[in-house]
Amino acid sequence: MIQFDAKTRTFYLQTPKTSYIFQVYREDVLLGLYYGKRIAPQDVSFFYQNVERGFSPMMAGYDMEHPLSLDTMTLEYPTFGLSDTRAPAFHAVYPDGSRITDLRYSTHRILKGKPICKGLPQLLAQTEDAETLEVVLKDKRGLVEVTLRYTVYSDMDVISRSVSVKSTAKDPISLQKVASLNLDLPECDFDLLQLHGAWGRERNLEVTHLTHASHVIESRRGASSHQSCPFLALKRPDAGEDWGDVYGFTFIYSGNFAIQADVDQYDMTRLQVGINPFDFSWKLEPGDTFEAPEALMVFSDEGLGGMSRNFHHACRHHLGKSKYRDQKKPIILNSWEAAYFDFDEARIIGIIESAKDLGIDIFVMDDGWFGARNSDKTSLGDWTVNSAKLPGGLKPVIDACHKNGMKFGIWFEPEMVSPDSDLYRAHPDWCLHVPGVDHCTSRNQLILDLSRADVVDYLEQTVGDILAQNDIAYVKWDMNRNMTNVGSVAFEPERQGEIRHRYMLGLYDLMERLTTRFPDVLFEGCSGGGGRLDFGILYYMPQFWTSDDSDAIARLKIQYGTSMFVPASAMVGHVSACPNHQIGRTTPLKTRADVASFCNFGYELDPARFSAEEREAVKAQIERQRRMEPLVLDGDFYRLRNPFTGNDAAWMLVSPDKSEAVALFVQVLAVANAPFTRLRLRGLDPDATYQIEELGFSAGGDALMHGGIPIEARPGDFRSVTFTLRRI
């Protein structure tokens with residue numbers, strides 16, 4: 001998978017369908033040569049055109065016959081201050097005040113498997129499944145040593161990249177920017193696809209043509225955020241869902257990030273992924289090492305769908321150690337929209353009893369069970385049972401779950417503290433804050449300073465005590481505000497630029513401790529819905545509440561956009577009550593279940609309000625979901641109709657062996673005297689014959705993909721239809 005040609009000093013990284021090639025060029029500069037569809041290892045140094053250009057500075061020691069300007073090269077890892085005037089991947093301030101780094105190739109090694117970087121989420125691999133290249137670059141002045149890591153995998157067209165920085169100076173240096181990935185492409189004819197949003201409407205697709213400018217997708221909120229998303233794709237203008245060249249990028253990190261695409265005067269594109277350099281610095285002591293988080297890149301000549309399925313495979317098979325990553329997920333009933341804060345023991349047990357015999361696996365008691373919590377104004381941080389609501393503690397509720405055939409789950413928001421809480425009164429210095437500056441609150445809460453080891457220890461103990469003392473099968477881990485007043489009294493002034501990243505390291509440490517200590521608990525991530533849905537959190541928590549907007553029609557866009565890099569197995573979708581609590585829309589129960597069924601499935605309502613007919617429908621939905629679970633867990637996802645561009649949406653899941661598939665079509669608004677519609681499927685075996693359960697006939701995979709299934713026009717808005725296919 002990885003080869004090095006000592007004669008040409010060229011590295012060849014080969015995945016099943018792609019090649020990544022770079023070279024140790026003159027003066028030991030790393031030169032990127034190729035990333036794209038797989039080609040045989042060969043001398044491709046002719047790809048680079050070495051010519052002198054006006055106003056492009058030359059490196060020291062060049063001669064006129066052999067010009068060498070970093071400003072015109074496709075560089076592997078550019079630095080600040082020499083002849084490259086474009087965005088650097090690396091920027092540091094040295095003890096003498098200088099900011100110039102001159103990195104040159106020193107050594108490399110090729111390893112079987114993938115080394116583990118402690119303290120950060122990352123892709124994992126067995127020794128036989130991957131190879132890793134480590135390239136060591138040293139600064140010519142002897143001030144810093146940078147190691148570039150690349151891992152390629154035998155089962156997917158994903159390359160993971162990361163960077164470590166070791167100080168070899170005699171005094172501390174200050175890191176200002178450490179990109180985890182730099183990719184210089186020798187062309188710029190791309191469309192840029194990003195996912196933007198807000199609370200309740202996450203991950204909307206937006207496509208713009210790449211221009212001669214800097215395009216930055218970023219978060220400065222202390223989380224990957226609802227507003228932005230650590231994902232970007234560069235696609236050819238003619239590339240579609242199933243064809244054409246696409247480059248995709250994501251970041252295995254949950255804090256401030258920046259993905260930047262710049263086009264220069266020579267129509268070259270520089271793409272970088274890393275921690276956002278805004279308000280970031282890191283004091284690196286002599287001999288110490290800074291580890292940058294891992295970034296992923298994909299090339300696909302099978303369009304956006306091919307790119308997505310590679311990211312999905314990476315998430316499903318290489319991200320995280322939770323046993324639930326590879327297991328069918330339980331069906332959940334959550335109390336939030338059923339009761340909000342207005343409950344006591346009798347009310348909760350009544351909801352549990354009303355769900356008996358429906359087929360629910362786990363009942364989850366959401367916010368309001370702890371401290372003096374009767375609204376969102378108090379008690380975060382006080383992780384003891386609210387005795388006024390639950391005088392018997394959690395045991396009577398857990399016993400009621402078991403009596404009615406369910407397990408018990410619970411909600412936490414460990415990272416936050418209410419100003420009105422025992423914890424804050426005891427430790428007002430434990431929140432992120434700057435002394436002398438008034439607090440900003442959001443949802444009436446502050447953020448605990450997880451850069452501090454004592455705060456992380458407290459949370460492990462208090463949350464861990466609840467989990468250890470009770471029979472709890474599931475935890476919903478929420479986070480409901482972004483960072484303000486970023487500062488920590490635990491660190492000296494010159495380290496305040498480290499706090500955002502130190503917070504993330506503390507968060508990952510806490511998640512690692514709790515998920516390791518309680519391996520049988522299913523942890524689900526949440527952040528006001530999908531406000532921190534990224535591969536960093538998915539490393540610790542194999543599923544995520546995709547959005548607080550549970551309306552089925554709104555979820556069409558949310559789930560479609562999320563699927564650009566997140567698989568169905570990591571999304572959570574629930575059937576909620578109507579009119580919908582977020583937007584007031586009423587949709588058929590069938591449509592709500594059909595849309596949610598392409599996620600980890602559950603309900604967000606009070607079953608006591610079901611009619612007898614609805615109870616039977618819910619039982620049938622759950623039985624159907626059981627049959628779908630293997631496809632949600634490991635099926636290949638195909639997007640068929642784009643809800644951002646039309647009046648309908650459609651997608652499907654296909655089993656890896658192509659023997660089974662389920663497709664969904666949703667009509668948003670009814671159309672009078674509607675035109676004929678056929679839904680063309682994808683991913684089937686063209687030589688196989690499939691029985692279509694709902695239609696009662698069979699057809700060839702080729703006919704279903706190239707001709708399609710006729711969609712019957714039906715009156716009424718928000719109508720859905722599903723098709724279940726089995727190879728015969």
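What follows is a chat about one helix and several salt bridges in a predicted model.

Reader: How many residues of H1 are buried?
Author: Helix H1 covers residues 303–318, so we're talking about 16 residues in total. Buried here means under 20% relative accessible area. H1 is mostly covered, and the number of its residues that are buried is 15.

Reader: What span is expected for H1, at 1.5 Å a residue?
Author: In the model, H1 reaches 23 Å from its first C-alpha to its last. That's close to the expected figure, which is 1.5 Å times one less than the number of residues. With 16 residues in H1, the expected span is 22 Å.

Reader: Which residue with a positive phi follows H1?
Author: Helix H1 ends at residue 318. The residue you're after follows the helix and has a phi near 90 degrees. It's Gly320.

Reader: How many residues apart in sequence are the parts that Arg9 and Asp28 tie together?
Author: The side chains of Arg9 and Asp28 meet in a salt bridge, 2.9 Å from N to O. Arg9 lies in the loop between strands E1 and E2, and Asp28 in the loop between strands E3 and E4, so the pair ties together parts whose separation in sequence is 19 residues.

Reader: Is Arg9 buried or partly exposed?
Author: The cut-off for buried is under 20% relative accessible area, and exposed starts over 50%. Arg9 has 29% relative accessibility, so it falls in between. Its partner Asp28, at 28%, gets that label too. Arg9 counts as partly exposed.

Reader: Which residue forms a salt bridge with Asp96?
Author: The closest N and O atoms of this pair are 3.5 Å apart, and a salt bridge needs them within 4 Å. Asp96 sits in the loop between strands E5 and E6, while its partner is in the loop between strands E7 and E8, 45 residues apart. Asp96 is exposed, at 58%, whereas the partner counts as partly exposed, at 43%. That partner is Arg141.

Reader: Which helix holds both Glu616 and Lys619?
Author: Their side chains meet in a salt bridge, 3.6 Å from N to O. Glu616 and Lys619 are three residues apart in the helix, so about one helical turn separates them. Glu616 is partly exposed at 48%, and Lys619 is partly exposed at 25%. The helix, residues 612–634, is H11.

Reader: How many salt bridges does the structure hold?
Author: Side chains of opposite charge can pair when their charged atoms come close. The pair Arg9 and Asp28 is one of these salt bridges. For the structure, the count is 59.

Definitions and conventions
Residues are numbered from 1 along each chain as its sequence is written. This is a predicted model: local features need pLDDT of at least 70, side-chain atom pairs count only at pLDDT 80 or more; totals for chains, interfaces and linings use all residues. Side-chain values use heavy atoms; hydrogens and water are left out. Helices (H or I, at least four residues) and strands (E, at least two) are DSSP runs, numbered from the N terminus. Buried means under 20% relative accessible area, exposed over 50%, partly exposed in between (1.4 Å probe, protein chains only).
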